[in-house]
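Open your viewer, and let us walk through the spaces and strands together. Each stop tells you what to select and what you will find there.

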Amino acid sequence: MTKLKNDRYLRAALGQPVDYTPVWMMRQAGRYLPEYRELRAEAGSFMALATNPELACEVTLQPLRRFDLDAAILFSDILTIPDAMGLGLHFVQGEGPAFEKPVRTKADVEALFVPDPADKLKYVTDAVSVIRKELDGKVPLIGFSGSPWTLATYMIEGGATKNFSVIKEMMFSAPELLHQVLSVLADSVVEYLNAQIEAGAQAVMIFDTWGGVLTPRDYRAFSLDYMARIVDGLKRENEGRQVPVTLFTKNGGQWLDQMAATGCDCLGVDWTTNLADARERVAGKVALQGNMDPSVLYGSPERIREEVATILASYGKGSGHVFNLGHGIHPTVNPEHAKVFVDAIHELSKPYHQ
């Protein structure tokens, strides 16, 4: 494989020294870029992009042509695993993802299986291989998956939800069924992420978008324990170097110390948690990723630089920080403001690494 020209993201995610703080953005390949909107219109749908390795590669590379980012992230969807289970993923205009066959009954649960990444998910691993070739060592490639809890919310609710009533009904009335779903999903995520690593992903991230809707007790039982199981099952070295694993629970700042104990390398932090407090709580066990409010990108260039400076100061001197937004970039953000954000991080972070 081609030698990496810029490995700052990988080093920072492992807590190793860097000369400036690396940055990438969640959803950096997406709707805020006019070139993405044009390509999606030509392809006809989101899934037509995501399931075509060459188009997925093109989308992945688009933000790297505009911005001096320190990592690329695979263009895909968190719901690829349940789709590969035959649940009929589709996207409803204005409502988001939905499943034709939601998982509600004991029979539905018993019909679930661990998809073979070399079969129904081959388009993902093919995309990883194509992207790695096209990156030509410029920056590392991040692979990802949804967490078991987050995937289960969509599978059981049948799509997006505001109150999580269907999955929580199962959680409280038939917990053994939900644990069965989560167990199959944990095994599926291990297989899926290891296949991405073997195809060329140099780091992986687990997105626990909905873990923050749980109580502390239920978070551990129904989300964190399954993410810990995934971390234990992942391939942690490939191509002669470590493969960093990042966990991110949105609205999960109160559980950072528990998350750090899973054996992962890095934790995503959203903007509701102070980065200095987060650093103190994890006590050097893991690196931290985050955590600017994506809405700051609606501000002026001066305001964006001010916020970048505030977050850098909050983390303080030393290694172990990957700069990112606290969640995905909004579709209506001006791309020029994203450039201000990226450039400010590189410029203003250097004194923190001397």
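How much space lies in the largest pocket? About 1,400 Å³. Keep in mind as you look around that this is a predicted model.

**Stop 1: the largest pocket**

Select Arg27, Arg31, Phe46, Asp77 and Phe91: of the 41 residues lining the largest pocket, these are the closest to its centre. Next, colour the elements that give two or more residues to this lining: helix 2 (34-43), helix 3 (46-50), strand 2 (89-92) and strand 3 (96-99). If you now colour the lining by class, you should find 23 nonpolar, twelve polar and six charged residues.

**Stop 2: the second largest pocket**

Now move to the second largest pocket, with a volume of about 190 Å³. To centre your view there, pick Thr2, Leu4, Gln202, Glu239 and Arg241, the closest to the pocket's centre among the 14 residues of its lining. By class, this lining divides into five nonpolar, four polar and five charged residues.

**Stop 3: strand 8**

Select residues 245-249, which make up strand 8. Are they buried or exposed? Five of the five are buried, so the strand counts as mostly covered, with buried meaning under 20% relative accessible area. Show the side chains next: Val245, Leu247 and Thr249 point one way from strand 8, while Thr246 and Phe248 point the other way.

Which strands pair with strand 8? Add strand 5 (residues 203-208), which pairs with strand 8 in the parallel sense over five bridges. Zoom in on Met205 and you will see Thr246 of strand 8 standing opposite. Then add strand 9 (residues 266-268), which runs parallel to strand 8 and is joined to it by three bridges. Here, select Phe248 together with its bridge partner in strand 9, Gly268.

**Stop 4: the cavity**

Keep Gly268 selected, as this residue also belongs to the lining of the largest cavity. Thr249, whose side we have just seen in strand 8, is part of that lining too. Complete the selection with Gly252, Gly253, Leu256, Met259, Val269 and Asp270. How many cavities of 30 Å³ or more does the structure hold? There is one, and about 30 Å³ of space lies in the largest cavity. For a last colouring, split its lining by class: three nonpolar residues, four polar and one charged.

Conventions: Residues numbered from 1 in each chain as written. Predicted model: local features only at pLDDT ≥ 70, side-chain atom pairs only at ≥ 80, totals over all residues. Heavy atoms only, no water. 1 Å grid on protein atoms, 1.4 Å probe; cavity = no way out; pocket = protein on both sides within 12 Å on 5 of 7 lines; lining within 4 Å. Points joined across faces, edges and corners; volume = space filled by probe spheres on them. Nonpolar A, V, L, I, M, F, W, Y, C, P; charged D, E, K, R; others polar. Helix = DSSP H or I, 4+ residues; strand = E, 2+ residues; numbered from the N terminus. Buried < 20%, exposed > 50% of the residue type's maximum accessible area, 1.4 Å probe, protein only. Pairing = 2+ DSSP bridges.
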